[in-house]
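Hi everyone, thanks for making time this morning. I'd like to walk you through one protein model, so please have the viewer open and follow along with me.

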Amino acid sequence: SGTPTFGICLGHQMLGLAVGAKTKKMHQGHHGANHPVKDETTGKVEITSMNHGFAVDQATLPKGATQTHVSLFDGSNCGISLDGKPVFSVQYHPEASPGPRDSHYLFKRFADLMRANKGT
């Protein structure tokens with residue numbers, strides 16, 4: 001619909017499923033703080049908080065969905081965006097501030113998308 005959307009944690013998995021990707025059960029999951037995640041769009045590494053036992057299977061992402069973040073612990077998918085749409089998501093909790101501000105740029109990105117799509 002073009003509505004700006006920012007999925008966090010389960011919202012990330014739901015977005016993946018909604019576009020046709022699959023999720024897979026992780027061997028141990030990711031729980032707690034201090035999980036390093038690489039933003040593949042900038043090359044920067046963030047320290048994140050996570051709490052999940054399933055991950056979006058990056059091998060099943062359809063055309064038009066791009067992996068944006070990856071776990072440096074196990075290579076699992078930690079973020080996607082939809083090409084040409086104001087839609088993105090991350091598997092971790094940017095609001096938890098473990099970095100302490102490593103992931104705050106995501107909220108600015110979302111606010112910018114809302115401003116840019118106001119009235120559309």
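**A walk from the surface to the aromatic cluster**

Let me begin on the outside: the accessible surface of the protein comes to about 6,500 Å², and carbon and sulfur atoms account for 56% of that. Please keep in mind throughout that this is a predicted model.

Now the overall layout. We have 2 helices and 6 strands, and from the N terminus on they come in the order β-α-β-β-β-β-β-α. The radius of gyration is 14 Å, close to the 14 Å that the globule rule gives for 120 residues, so the protein is as compact as a globular protein of that length. If you prefer box dimensions, the C-alpha trace spans about 45 × 30 × 20 Å along its principal axes. Of the 120 residues, 40% are buried. And for those of you who like contact maps: take the contacts between residues at least 6 apart in sequence, and 60% of them join residues at least 24 apart.

Let's zoom in on strand S6, residues 87-90. Which way do its side chains point? Val87 and Ser89 go one way, Phe88 and Val90 go the other, and all of them are buried. As a reminder, side chains in a regular strand alternate between the two faces of the sheet.

Which strands does S6 pair with? On one side of the story there is S1, residues 5-8, which pairs with S6 in the parallel sense over 4 bridges. Within that pairing, Gly7 stands opposite Ser89. Then there is S5, residues 77-82, which runs antiparallel to S6 and is joined to it by 3 bridges. Here Ser89 turns up again, as the bridge partner of Ile80. S5 and S6 form a hairpin with 4 residues between them, and in the turn you'll find Gly84 with a positive phi of about 75°.

Now for the part I enjoy most, the rings. The structure holds 3 aromatic pairs. One of them is Phe6 with Phe88, which is stacked, at 4.6 Å centre to centre and 25° between the planes. Phe6 sits in strand S1 and Phe88 in strand S6, so this pair ties together parts that are 82 residues apart in sequence. Are these two rings buried or exposed? Phe6 has a relative accessibility of 15%, and because the cut-off for buried is under 20%, Phe6 counts as buried. Phe88 is buried too, at 5%.

Phe6 also forms a pair with Phe107, and this one is edge-to-face: 5.6 Å centre to centre, with 70° between the planes. It links distant parts of the chain as well, with Phe6 in strand S1 and Phe107 in helix H2, residues 105-116, which puts the two 101 residues apart. Phe107, at 32% relative accessibility, counts as partly exposed.

Put the ring pairs together and you get a cluster of Phe6, Phe88, Phe107 and Phe110. There is a charge to add to the picture as well: the charged end of Arg109 sits over the ring of Phe88, 5.5 Å from its centre.

While we're on helix H2, have a look at Met114, which is found there too. How far is its C-alpha atom from that of Pro4? The two are separated by 5.8 Å, although Met114 and Pro4 lie 110 residues apart along the chain. Met114 itself is partly exposed, with a relative accessible area of 41%.

Before I finish, a word on backbone angles. Which residues have a positive phi without being a glycine? Cys9 is one of them, at about 55°. Its place is in the loop between S1 and helix H1, and at 11% relative accessibility Cys9 counts as buried. Asn34 is another, with a phi of about 70°. Asn34 belongs to strand S2, residues 23-39, and it is exposed, with a relative accessible area of 52%.

So, if you take one view home, centre it on Phe88: a buried residue of S6, stacked with Phe6, with the charged end of Arg109 over its ring. Thanks for listening, and I'm happy to rotate the model wherever you like.

Key: Residues numbered from 1 in each chain as written. Predicted model: local features only at pLDDT ≥ 70, side-chain atom pairs only at ≥ 80, totals over all residues. Heavy atoms only, no water. Buried < 20%, exposed > 50% of the residue type's maximum accessible area, 1.4 Å probe, protein only. Pairing = 2+ DSSP bridges. Phe/Tyr/Trp six-rings, centres within 6.5 Å; stacked < 30°, edge-to-face > 60°. Lys NZ or Arg CZ within 6 Å of the ring centre and 35° of its normal. Rg over C-alpha atoms; globule rule 2.2 N^0.38 Å. Contact = heavy atoms within 4.5 Å. Areas by Shrake-Rupley, 256 points an atom, 1.4 Å probe, with all protein chains shown as cover.
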